[in-house]
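Grab a coffee and work through a few exercises on the model below. Try each task yourself before reading its solution.

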Amino acid sequence: MAYQAEYIWIDGTEPSPLLRCKTKIVATGKQPGIWGFDGSSTNQATGSNSDCVLQPVFVCPDPLRGGDNVLVMCEVLLPDMSPHPTNTRRACSETAERFKSHEARFGFEQEYTFLQNGRPLGWPTSGYPGPQGPYYCGVGGDKMPGREIVERHTAAMLRAGLGIEGTNAEVMMAQWEFQIGILGAPEGGDQLWLARWLLFRIAEDFGVWATLDPKPILGDWNGAGCHTNFSTKEMRDEGGWDAIVRACEAIGEHVGEHVEHYGVGIEMRLTGLHETQHYSKFSYGVSDRGASIRIPWQVAQDKRGYIEDRRPNANMDPYVVMRLLMQTVCSSAEDAAR
Ligand code: ADP
Ligand code: MN
Ligand code: MN
Ligand code: MN
């Protein structure tokens with residue numbers, strides 16, 4: 001007997017990479033091992049030197065096929081087994097290893113929008129639905145298109161054993177969110193990419209496209225972000241407040257460098273309106289959804305916990321965002337301890 005292993009990887013499409021996948025039949029009792037693909041068809045190689053290597057990094061049960069079948073998140077290597085230039089995971093895991101003692105943990109709030117025929121799902125074919133207001137955490141009538149897909153996705157995440165924590169309808173009609181965490185690096189990135197793949201794949205069955213476009217509709221409609229919640233052991237421990245403030249201050253010294261890597265089209269979304277701070281500015285504050293970084297009220301009360309970086313776009317690469325946050329916050333903590 002044999003089972004199906006769905007190999008999933010991140011391609012080289014610019015400016016934002018796409019997910020790719022293909023199925024390998026594996027003999028029962030064997031593990032899904034190294035595999036390859038034609039990089040000239042994924043913007044990862046030239047036709048004359050086309051082979052790229054798929055290195056499995058995270059395996060979980062396939063909730064769609066069931067049985068013994070599995071999903072296999074991969075990183076892409078060159079034929080000499082060094083990381084491919086599009087491989088952002090390797091640098092993330094090296095940074096995580098370097099700052100291992102800080103026990104950095106992440107929770108992502110992935111927002112996304114369902115599209116059909118080039119329009120947000122359930123929107124009239126011309127013009128707009130009623131203005132924003134009733135949709136966030138809404139229920140009833142024809143206001144909540146896509147809920148069956150959200151339910152299927154959540155059930156699939158649970159069956160796969162992935163760290164989904166919740167879901168909610170968002171401010172713009174046809175926009176939704178799921179949360180995933182609390183995870184370390186680089187595993188949080190593996191799981192978020194797999195969660196995205198499951199969402200895209202399940203939406204296919206409904207003739208719907210789930211997009212991570214950060215600003216699918218211009219004008220007075222919220223964009224889609226991927227708020228990144230972050231903590232270190234020092235921030236979570238008793239007396240973590242000083243470390244929390246130090247983390248915010250350190251992040252404030254790298255605004256341009258971070259925002260540039262927080263997802264393509266970030267200037268379109270971080271306008272200073274629609275619950276965002278302007279991309280060129282930096283602020284942090286308790287309960288402040290207009291700040292770059294929000295400190296949740298519970299954290300301010302307990303004087304320990306985590307911070308929410310509200311700037312990453314829905315289309316950000318979690319490996320990159322995690323690496324930048326660890327690099328900035330953990331190295332400043334080490335400097336302070338010296
Ligand atoms: P919001 O009020 O911003 O919509 P959500 O409930 O959607 O908040 O998301 C909260 C996020 O905070 C979750 O992704 C969760 O994993 C994350 N989180 C909670 N505690 C921690 C922690 N100690 N470290 C990192 N992330 C955390
Ligand atoms: Mn949220
Ligand atoms: Mn949200
Ligand atoms: Mn949030």
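**Exercise 1. Work out whether N229 counts as buried or exposed.**

This is a predicted model, so keep that in mind throughout. Start with the number: the relative accessibility of N229 is 12%. The cut-off for buried is under 20%. So N229 counts as buried.

**Exercise 2. Place N229 in the fold and find what surrounds it.**

First, the address: N229 sits in strand 11, which covers residues 226–231. Next, skip its neighbours within four places in sequence and list what N229 touches: R105, F106, G107, E109, Y306, I307 and E308. Now pick out a polar partner: the side chains of N229 and E109 make a polar contact at 3.0 Å. Finally, look toward ligand 1: one of its oxygen atoms is 3.4 Å from a polar side-chain atom of N229.

**Exercise 3. Follow E109 to ligand 1 and say which residues come nearest to that ligand.**

There are 16 residues around ligand 1, and E109, E165, S231, R294 and E308 come nearest. Zoom in on E109: a polar atom of its side chain lies 3.0 Å from an oxygen atom of ligand 1. Then check Q179, where a side-chain N or O atom is 3.3 Å from an oxygen atom of the ligand.

**Exercise 4. Explain what E109 and E177 tie together at the manganese ion (ligand 2).**

Step one is the coordination: E109 and E177 each use OE to coordinate the manganese ion (ligand 2), at 2.2 Å. Step two is where they come from: E109 belongs to strand 6 (residues 105–116), while E177 belongs to strand 9 (residues 175–183), so the pair ties together parts that are 68 residues apart in sequence. Step three, check burial: both E109 and E177 are buried. Last, look for the other metal: the manganese ion (ligand 3) is 3.9 Å from the manganese ion (ligand 2), and E177 coordinates both.

**Exercise 5. Describe the largest nonpolar core and what M326 touches.**

Begin with the count: the largest nonpolar core has 77 residues, and Y112, F114, F230, I307 and M326 have the most contacts inside it. Then see where its members come from: domain 1 (2–86) and domain 2 (95–337) each supply at least three residues to this core. Another core, of 12 residues, lies apart from it, with Y3, A5, F37 and V70 among them.

Now take M326. Leaving out residues up to four places away in sequence, M326 is in contact with C92, T95, A96, F99, A104, F106, A185, F230 and S331. For background, nonpolar side chains tend to be buried together in soluble globular proteins.

Note on methods. Residues numbered from 1 in each chain as written. Chains lettered and ligands numbered in written order. Predicted model: local features only at pLDDT ≥ 70, side-chain atom pairs only at ≥ 80, totals over all residues. Heavy atoms only, no water. Helix = DSSP H or I, 4+ residues; strand = E, 2+ residues; numbered from the N terminus. Buried < 20%, exposed > 50% of the residue type's maximum accessible area, 1.4 Å probe, protein only. Polar contact = N/O pair within 3.5 Å; in protein donor to acceptor, adjacent residues only side chain to side chain. Contact = heavy atoms within 4.5 Å. Core = buried A, V, L, I, M, F, W, Y, C linked by side-chain atoms within 4.5 Å. Domains from an automatic or database assignment. Donors = N, O, S within 2.8 Å, 3.2 Å for Na, K, Ca; no water. Near = heavy atom within 4 Å.
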